[in-house]
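Visitor: I'd like to go through this one slowly and ask where the labels come from. Could you walk me through it?

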Amino acid sequence: MSEYDVVIVGGGPAGLAAALYTARLNLKTVILDRGPLGGQLLNTELVEDYPGFDSILGSELAMKMGEHARRFGVDVRDFEPVKEIEVEGDTKIIRLETGEELRTSALIMAAGGLPRYLEVPGEKELAGRGVSYCAVCDGAFFKGQELAVIGGGDAAVEEGEFLTRYASKVYVVHRRSELRAQPILVDRARANPKIEFIFDAHVKEIAGDQKVHSIRYEQHGENKELRVGGVFIFIGFVPNSSLLKVHVDHDAAGYLLTDRNMQTSVEGIWAVGDVRAQLTKQIATAVGDGTTAAVAASQYISALKDSARA
Ligand code: NAP
């Protein structure tokens, strides 16, 4: 069993910013991630909306943020999946998949989320055989092929555009006639001759044998089929809040609710970044959340120490 002043679960921008600040505040800090550091940054080719960087590779920004936190003495434990989190009095117990236990009074949940599944026949069966949730990871396997991207938000439009560097054509298939994505991303996609939008299209099936060969969808009451070599699904995100075995208030979709200091309904647990209920999921807001939670956690730890001394 190891004890820390602060345990941070999740090594994306929110967790790394929190770690940088708690370490600089001289708090013994560990950051845990089930994979490499970077979170959603690793699924992003180019970041063009983080102040100070006109354009930077997501992987490079992840590396820089990781190095920055390490420089201040954060104990970085990547590839270290958390199994569950329990609370006993003021102590939060973080159980790792390895069986090890970490203890802390201050837990910062920065665990992000996982892609939402379309939940149609063929999706699970053909995952990794033409069905993907990461353009940066898998795009290069589809050189010269026609692809479908499912979704109408920032991720679908931005990743669809990214995929045109490999694909001969990208169909962005959206269930409504209006996109949710930011206008700047939509304008760029509309100007790209390799992108075609298919609206009011409800995907019913991903078809294929050994590999994807088409999607079947319903549009205005008609059943249609589109021949494609791959399907990239970007229909949102499911927060990783279920690691918490104690009840923490959340919204209907499972996003954790916080006050303005990122404090959840449980004292000593803060939520930051994509696992938190908020207006938007941007790198800049994640970093802001992490910073706020770190300062709030530091004040909480000082108050606990003061009351223990009194
Ligand atoms: P999102 O904004 O929640 O959009 C999800 C899209 O998928 C929506 O268009 C939605 O349709 C559609 N959808 C949801 N469930 C569906 C289903 N079962 N079947 C078919 N379509 C479905 O998710 P996101 O695009 O992953 O973005 C998540 C967050 O990250 C957002 O806050 C976004 O701003 C941010 N982000 C930002 C950038 C950037 O700034 N460059 C890039 C990527 C992501 P409806 O529109 O009909 O609801």
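Visitor: How far apart do the C-alpha centres of domain 1 and domain 2 lie?

Guide: The two centres are 32 Å apart. Before we go on, this is a predicted model, where local features need pLDDT of at least 70 and side-chain atom pairs count only at pLDDT 80 or more, while totals for chains, interfaces and linings use all residues. Residues are numbered from 1 along each chain as its sequence is written, and side-chain values use heavy atoms, with hydrogens and water left out.

Visitor: What makes these stretches domain 1 and domain 2?

Guide: Domain 1 covers 2–115 + 237–309 and domain 2 covers 131–233; such bounds come from an automatic or database domain assignment.

Visitor: Which numbers of residues does each domain bring to the contact?

Guide: Domain 1 brings 7 residues and domain 2 brings 10, with contact meaning heavy atoms within 4.5 Å. About 620 Å² is buried between the domains, 45% of it on carbon and sulfur atoms. That area is the accessible area (1.4 Å probe) that two parts lose on being put together, summed over both.

Visitor: Why is the pair Arg188 and Glu48 called a salt bridge?

Guide: The rule asks for a side-chain nitrogen of Lys or Arg within 4 Å of a carboxyl oxygen of Asp or Glu. Arg188 and Glu48 have an N to O distance of 3.2 Å, so the pair qualifies. Across the interface of domain 1 and domain 2, the rule finds 2 salt bridges.

Visitor: What makes Arg176 a polar contact of the ligand?

Guide: A polar contact is a pair of N or O atoms within 3.5 Å; within protein, one must be able to donate a hydrogen and the other to accept it, and residues adjacent in sequence count only if both atoms are side-chain atoms. A polar side-chain atom of Arg176 is 2.7 Å from a ligand oxygen, so Arg176 passes. The side chain of Gln182 has an N or O atom 2.9 Å from a ligand oxygen, and for Ala155 a backbone N or O atom lies 3.0 Å from one.

Visitor: Which residues come nearest to the ligand?

Guide: Asp154, Arg175, Arg176, Arg180 and Gln182, out of 18 around the ligand; being near takes a heavy atom within 4 Å. Both domains take part, since the shell draws at least three residues from each of domain 1 and domain 2.
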